[in-house]
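Reader: I would like to go through this model with you, one topic at a time. Could you show it to me before we begin?

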Amino acid sequence: MAKVSSRLLSHICIAAAVMMLVLIAAAAPSSPASAQNVPQAATSEQQLLNQLKLGGAISGQVSIPDKKSANLIHPAGRDWRTFRTVWLKWIGGVAVVGMVVLLIGFYMWRGTMKIAGGRSGRTIVRFSGFERFVHWLTATTFVVLGITGLNITFGRALILPWLGPQAFSEWSEWSKYAHNYISFAFTLGVLLMFLMWVGQNFPTKADITWFKMGGGMFSKGHTEPAPAWKFNGGQKLLYWFIVVAGAAMIVTGFILLFPFYAGLTIDSMELSQVFHGTVGVLFVALIIAHIYLGTIGMEGAFEAMSDGTVDVNWAKEHHPLWYDEMKSGAVDANAVVTPAE
Ligand code: HEM
């Protein structure tokens, strides 16, 4: 009797297995997707989601008011995770390290760009106290945001191994607070910088010539100065990048800081993070170049942002049109030429 029933059971099992195979074969996609090089599991999951009209997530049920907590699986999150853990590191690494390598190469070739005519001993006011305040407000907050932001992307791989888990988690916690709160001061800085300098950053004919001459940066010998008003073509590009990318960083940053407001979803947060991370690392790379030019890259530039004056010969060589304008006193009451101490 036992023998008969076990044989019956094994027949039932075989029949069930055959039926399963037939069903699987019938359900196998005959669409072009099966011909593409897409992992089978991922394709079927997407099909399941589409079929069940689940709107991109597999959800359960919860009785608490926050219905988002019912989401069990959000497949698009895997693409986002790959972006964050793989792609962003590559984009950031290439941009930041690439820029540093470029600048080191440039410095080795060009050295510090000297004032060709030497220092005249007379200075001219370049930036008012307010302009310098706004610049340093934006600059210091940006540097903190840049360092703490890079820690979010690279800290685990680069800092955790030598800091250890305890110290790294404390540093990361504080750096995250700094990143969140300092963003407000940076927002103010970008807004003021936009308003304060917008009038001097519209493109002019001189900028085209400036670009054609490479700003005079790529020729070592004594050459004709490239024409520039208060800001040269390159500085104007930087300015507009700061305004546009700064605004993008601020908007996407606030979406991440205050999630789920105004109907925003997890998808909009993922998209914001992709944008925030990508623009952020490019921003850091560009500002590294700016810091280079404002310090060791060019003799006499830093003074413009420290005490607000530049040597007259520096002004004639780097911003000749602005210098002539200032000399004639046509525009600004700040246009005082004073002997250097
Ligand atoms: C932290 C290190 C920084 C240093 C040492 C530095 C230095 C300088 C210097 C010397 C100037 C005057 C250039 C001139 O007279 O033509 C300048 C101008 C300027 N800086 Fe910075 N800066 C720094 C960071 C930043 C940051 C983080 C931003 C914005 C996010 C910024 C935005 C600007 C802009 C828009 C100008 C005017 C146009 C230009 O010179 O490109 N700076 N900076």
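Author: What follows is a conversation about the predicted model shown here.

Reader: Start with the overall picture. How many helices and strands does the protein chain have?

Author: The protein chain has 12 helices and five strands.

Reader: And what share of its residues is buried?

Author: Of the 341 residues in the protein chain, 35% are buried. As for contacts between residues at least 6 apart in sequence, 75% of them join residues at least 24 apart.

Reader: Let us turn to the ligand. Which residues are closest to it?

Author: The closest are Arg126, His135, Gln235, Leu238 and His290, and 25 residues surround the ligand in total.

Reader: What are the distances for the polar side chains there?

Author: An N or O atom in the Arg126 side chain is 2.7 Å from an oxygen atom of the ligand. Gln235 places a polar side-chain atom 2.6 Å from an oxygen atom of the ligand. For His135, the partner is a nitrogen atom of the ligand, with a polar side-chain atom 2.8 Å away.

Reader: Which elements give two or more residues to that shell?

Author: They are α4, α6, α8, α9 and α10, the last of these spanning 302-306. The most comes from α4, which gives six residues.

Reader: How do the shell residues divide by type?

Author: The shell around the ligand has 17 nonpolar residues, seven polar and one charged.

Reader: Now the second largest pocket. How much space lies in it?

Author: The second largest pocket holds about 780 Å³. It is lined by 32 residues, and those closest to its centre are Gly149, Ile152, His179, Leu256 and His276.

Reader: Where does the lining come from?

Author: At least two residues each are supplied by α3 (76-110), α4 (129-158), α6 (165-197), α8 (233-257) and α9 (266-294). The largest share, 10 residues, belongs to α9.

Reader: And the types of residue in that lining, how do they divide?

Author: There are 17 nonpolar, 12 polar and three charged residues in the lining of the second largest pocket.

Reader: You mentioned His179. Where is its place, and is it buried or exposed?

Author: His179 sits in helix α6. It counts as buried because its relative accessible area is 15%, under the 20% cut-off.

Reader: What does its side chain make a polar contact with?

Author: The partner is the side chain of Thr148, at 2.8 Å. Leaving aside neighbours within four places in sequence, His179 is in contact with Leu145, Thr148, Gly149 and His276. Gly149 and His276 also appear among the residues closest to the centre of the second largest pocket.

Reader: What about Ser272, buried or exposed?

Author: Ser272 is buried, with a relative accessible area of 6%. This serine is found in helix α9. Not counting residues up to four places away in sequence, Ser272 touches Thr252, Ile255 and Leu256.

Reader: Let me change topic. Which residue other than glycine has a positive phi?

Author: Phe260 has a positive phi, near 70 degrees. Most residues other than glycine have a negative phi. Phe260 is placed in the loop between α8 and α9, and at 33% relative accessibility it is partly exposed.

Reader: And Phe106, what does it touch?

Author: Not counting residues up to four places away in sequence, Phe106 touches Gly111, Met113, Met217, Phe218 and Tyr292. Phe106 belongs to helix α3 and is buried, at 15% relative accessibility. Its C-alpha atom is 9.2 Å from that of Gly297, although the two are 191 residues apart in sequence.

Reader: How far apart are Asp307 and Val125 in the model?

Author: The C-alpha atoms of Asp307 and Val125 are separated by 8.8 Å, and the two residues are 182 residues apart along the chain. Asp307 is in the loop between α10 and β4 (309-311). With a relative accessible area of 48%, Asp307 is partly exposed.

Reader: One last residue, Lys205. Why does it count as exposed?

Author: Lys205 counts as exposed because its relative accessibility is 72%, over the 50% cut-off. It lies in helix α7, residues 205-212. Between Lys205 and Pro227, 22 residues apart in sequence, the C-alpha to C-alpha distance is 9.4 Å.

Note on methods:
Residues are numbered from 1 along each chain as its sequence is written. This is a predicted model: local features need pLDDT of at least 70, side-chain atom pairs count only at pLDDT 80 or more; totals for chains, interfaces and linings use all residues. Side-chain values use heavy atoms; hydrogens and water are left out. On a 1 Å grid over the protein atoms alone, a cavity is a set of points where a 1.4 Å probe fits but cannot get out, and a pocket is an open set with protein on both sides within 12 Å along at least five of seven lines; lining residues have an atom within 4 Å of a point. Grid points are joined across faces, edges and corners, and a volume is the space filled by probe spheres set on the points. Helices (H or I, at least four residues) and strands (E, at least two) are DSSP runs, numbered from the N terminus. Ala, Val, Leu, Ile, Met, Phe, Trp, Tyr, Cys and Pro count as nonpolar, Asp, Glu, Lys and Arg as charged, and the others, Gly among them, as polar. Buried means under 20% relative accessible area, exposed over 50%, partly exposed in between (1.4 Å probe, protein chains only). Contact means heavy atoms within 4.5 Å. A residue is near a molecule or strand if one of its heavy atoms lies within 4 Å of it. A polar contact is a pair of N or O atoms within 3.5 Å; within protein, one must be able to donate a hydrogen and the other to accept it, and residues adjacent in sequence count only if both atoms are side-chain atoms.
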